[in-house]
Amino acid sequence: MLKVANQVRPKSLVIVAALVNAALEMGLFKTIHGDMLITSALDGEHKRNSAHYSGLAVDMRTKNFPGVKEKHEFAFRVKQRLGERYDVILEDLGGPNEHLHVELDPSHARAGEPLEVPRVVKRTAAARA
Ligand SMILES: [Zn+2]
């Protein structure tokens, strides 16, 4: 098992640990085609206000899973490990952009809990002046 101590930041590491541990539980490393691949975290282009831009979301490739059943089982196990504060969604299942999206829902933050990476603010000419 991969464990992340309570005080460790960023919290996206908790998501990564859940992905690894769910895969270990399922023996997925033996049946998956190729490697488990994280395809996005605090990068790439996402929906407006996406949790990715705050460093609270991780995407993982699922196209290389042995079958659809395993994709659903994996998503279920990841959700079980992370609990109600996290959303686990199989996006575009069967489509070209298929992946597992996992995010810490900011609305479920505990009182006083800092939520990661400050939003990336694009510098404007005025801000540089
Ligand atoms: Zn995502």
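1. Two residues are in contact here if their C-beta atoms, placed from the backbone, lie within 7 Å. On that basis, take the contacts in the protein chain between residues at least 6 apart in sequence: 55% of them join residues at least 24 apart. Note that this is a predicted model. The protein chain has 129 residues, and buried residues make up 23% of them.

2. Secondary structure. The protein chain has four helices and four strands. Along the sequence they follow the pattern α-α-β-β-α-β-β-α. The points below deal with the sheet, then with the helices on it, then with the core.

3. Sheet order. The four strands form an open sheet, in the order 1-2-4-3. The pairing is antiparallel. Strand 1 (38-40) and strand 3 stand at the edges. Each has a single partner strand, so one side of each is left without a neighbour in the sheet. Neighbouring strands are turned by 30 degrees against each other on average, direction ignored.

4. Pairing, strand by strand. Strand 1 and strand 2 pair over two bridges, in the antiparallel sense. Ile38 stands opposite Met60 in strand 2. Strand 2 and strand 4 pair over five bridges, again antiparallel. There, Asp59 stands opposite His101 in strand 4. Strand 3 and strand 4 pair over six bridges, also in the antiparallel sense. Leu90 stands opposite Leu100 in strand 4.

5. Strand 4 deserves a separate look. Six of its six residues are buried, so strand 4 is largely enclosed by the rest of the structure. Which residues point which way from strand 4? His99, His101 and Glu103 point one way. Leu100, Val102 and Leu104 point the other way. All of these are buried, the two histidines and the glutamate included.

6. Helices on the sheet. Helix 1 packs on the sheet and touches strand 1, strand 2 and strand 4. The direction of helix 1 makes about 30 degrees with that of strand 2. Helix 3 lies across strand 3 and strand 4. Helix 3 runs at about 170 degrees to strand 3.

7. Helix 1 against helix 3. Their axes come within 9 Å and cross at roughly 130 degrees. Angles from 115 to 145 degrees fall outside the roughly perpendicular and roughly antiparallel ranges; helix 1 and helix 3 are therefore oblique to each other. Helix 1 passes helix 3 in a right-handed crossing. From helix 1, the residues at this meeting are Ile15, Ala18, Leu19, Asn21, Ala22, Glu25 and Met26. From helix 3 they are Glu70, Glu73, Phe74, Arg77, Val78, Arg81 and Leu82.

8. Arg81, one of the helix 3 residues at that meeting. Is Arg81 buried, exposed or partly exposed? Arg81 is partly exposed, with 17 other C-beta atoms within 10 Å; 20 or more would make a residue buried. Not counting residues up to four places away in sequence, Arg81 touches Ala18, Asn21 and Ala22. Its C-alpha atom is separated from that of Ile15 by 9.2 Å, although the two residues are 66 residues apart along the chain.

9. Glu73, also in helix 3. Glu73 is partly exposed, with 16 other C-beta atoms within 10 Å. Glu73 and Met26 are 47 residues apart in sequence. In space they are 8.6 Å apart, C-alpha to C-alpha.

10. Core. Nonpolar side chains tend to be buried together in soluble globular proteins. Here the largest nonpolar core has 20 residues. Those with the most contacts inside this core are Ile15, Ala18, Leu19, Val78 and Val102. The elements that give two or more residues to the core are helix 1 (12-26), strand 2 (57-61), helix 3 (68-82), strand 3 (86-91) and strand 4 (99-104). Which element gives the most to this core? Helix 1 does, with six residues.

11. Leu19 links several of these points. Leu19 is among the residues with the most contacts inside the core. Leu19 is also one of the helix 1 residues that meet helix 3. Not counting residues up to four places away in sequence, Leu19 touches Met36, Met60 and Val78. Of these, Met60 has Ile38 opposite it in the pairing of strand 1 and strand 2. Val78 is on the list of residues with the most contacts inside the core.

Key
Residues are numbered from 1 along each chain as its sequence is written. This is a predicted model: local features need pLDDT of at least 70, side-chain atom pairs count only at pLDDT 80 or more; totals for chains, interfaces and linings use all residues. A nonpolar core is a set of buried Ala, Val, Leu, Ile, Met, Phe, Trp, Tyr and Cys residues joined through C-beta atoms within 7 Å. A residue is buried if 20 or more other C-beta atoms lie within 10 Å of its own, exposed if 12 or fewer, and partly exposed in between; C-beta atoms are placed from the backbone. Two strands pair if DSSP finds at least two bridges between them. Axes are lines fitted to C-alpha atoms, for helices over the stretch in contact, and angles run from 0 to 180 degrees between N-to-C directions. Angles under 35 degrees count as roughly parallel, over 145 as roughly antiparallel, 65 to 115 as roughly perpendicular and the rest as oblique. A crossing is left-handed if the near helix is turned anticlockwise from the far one by less than a right angle, and right-handed if clockwise.
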